Amino acid sequence: LWQHSSPASLIVPLDVHVYDQAKALGLTKRRSKDLKTAMEITDAFREIWPDDPCLGDFALFGSGIDNA
């Protein structure tokens, strides 16, 4: 399955920890935790990591857990 998927086309998985950290960092201004918000965060990461925007997910998640 993953052999036919490009990391560049993935969307950052959105949970409360990722959302809170992304909001604090200004990666999103949206209040809804929905697909549109996940896309906005992914697009912000795509500017840094165009080949794999999900690389930022673990950092946001870990920081959200540490600061919960």
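**Reasoning through the helix 1 surroundings**

Modeller: In this predicted model, helix 1 has Val18, Tyr19, Gln21 and Ala22 as its buried residues.

Colleague: What covers the buried residues of helix 1?

Modeller: The cover includes helix 2 and helix 3.

Colleague: Let's take helix 3. Why is helix 1 called roughly perpendicular to helix 3?

Modeller: The axes of helix 1 (residues 16–24) and helix 3 (residues 57–66) come within 8 Å and cross at roughly 95°. The range for roughly perpendicular is 65 to 115 degrees, so helix 1 gets that label relative to helix 3.

Colleague: Which residues in helix 1 and helix 3 meet?

Modeller: From helix 1 you have His17, Val18, Gln21 and Ala22, and from helix 3 Asp57, Leu60, Phe61, Ser63, Gly64 and Ile65. Sorted by class, that contact has five nonpolar, four polar and one charged residues.

Colleague: And the ends of helix 1? What makes aspartate 15 a cap?

Modeller: A side-chain oxygen of aspartate 15 lies 3.0 Å from the backbone nitrogen of histidine 17, at the N-terminal end of helix 1. A polar contact needs N or O atoms within 3.5 Å, and the 3.0 Å here fits that. Just after helix 1, glycine 26 takes a positive phi of about 80°.

Colleague: On to helix 2. How do you know that threonine 37 is buried?

Modeller: Buried means under 20% relative accessible area. Threonine 37 has 0%, so it's buried. This residue sits in helix 2 (residues 35–48).

Colleague: What is threonine 37 in contact with, leaving aside its neighbours within four places in sequence?

Modeller: Leu14, Tyr19, Thr28, Arg30 and Ser32. Tyr19 is also one of the buried residues of helix 1. Closer in sequence, the side chain of threonine 37 makes a polar contact with the side chain of aspartate 34, at 3.0 Å.

Colleague: How many aromatic pairs turn up in the whole structure?

Modeller: One. The pair is phenylalanine 45 with tryptophan 49.

Colleague: Why is that pair called tilted?

Modeller: First, the pairing: the ring centres are 5.5 Å apart, and the limit is 6.5 Å. Then the planes: under 30 degrees would be stacked and over 60 edge-to-face. Phenylalanine 45 and tryptophan 49 have planes at 55°, so the pair is tilted.

Colleague: Are the two rings' residues, phenylalanine 45 and tryptophan 49, buried or exposed?

Modeller: Phenylalanine 45 has 6% relative accessibility, so it counts as buried. Tryptophan 49 has a relative accessible area of 31%. Partly exposed lies between the 20% and 50% cut-offs, so tryptophan 49 is partly exposed.

Definitions and conventions. Residues numbered from 1 in each chain as written. Predicted model: local features only at pLDDT ≥ 70, side-chain atom pairs only at ≥ 80, totals over all residues. Heavy atoms only, no water. Helix = DSSP H or I, 4+ residues; strand = E, 2+ residues; numbered from the N terminus. Buried < 20%, exposed > 50% of the residue type's maximum accessible area, 1.4 Å probe, protein only. Polar contact = N/O pair within 3.5 Å; in protein donor to acceptor, adjacent residues only side chain to side chain. Contact = heavy atoms within 4.5 Å. Axes fitted to C-alpha atoms, helices over the stretch in contact; angles between N-to-C directions. Parallel < 35°, antiparallel > 145°, perpendicular 65-115°, else oblique. Nonpolar A, V, L, I, M, F, W, Y, C, P; charged D, E, K, R; others polar. Phe/Tyr/Trp six-rings, centres within 6.5 Å; stacked < 30°, edge-to-face > 60°.
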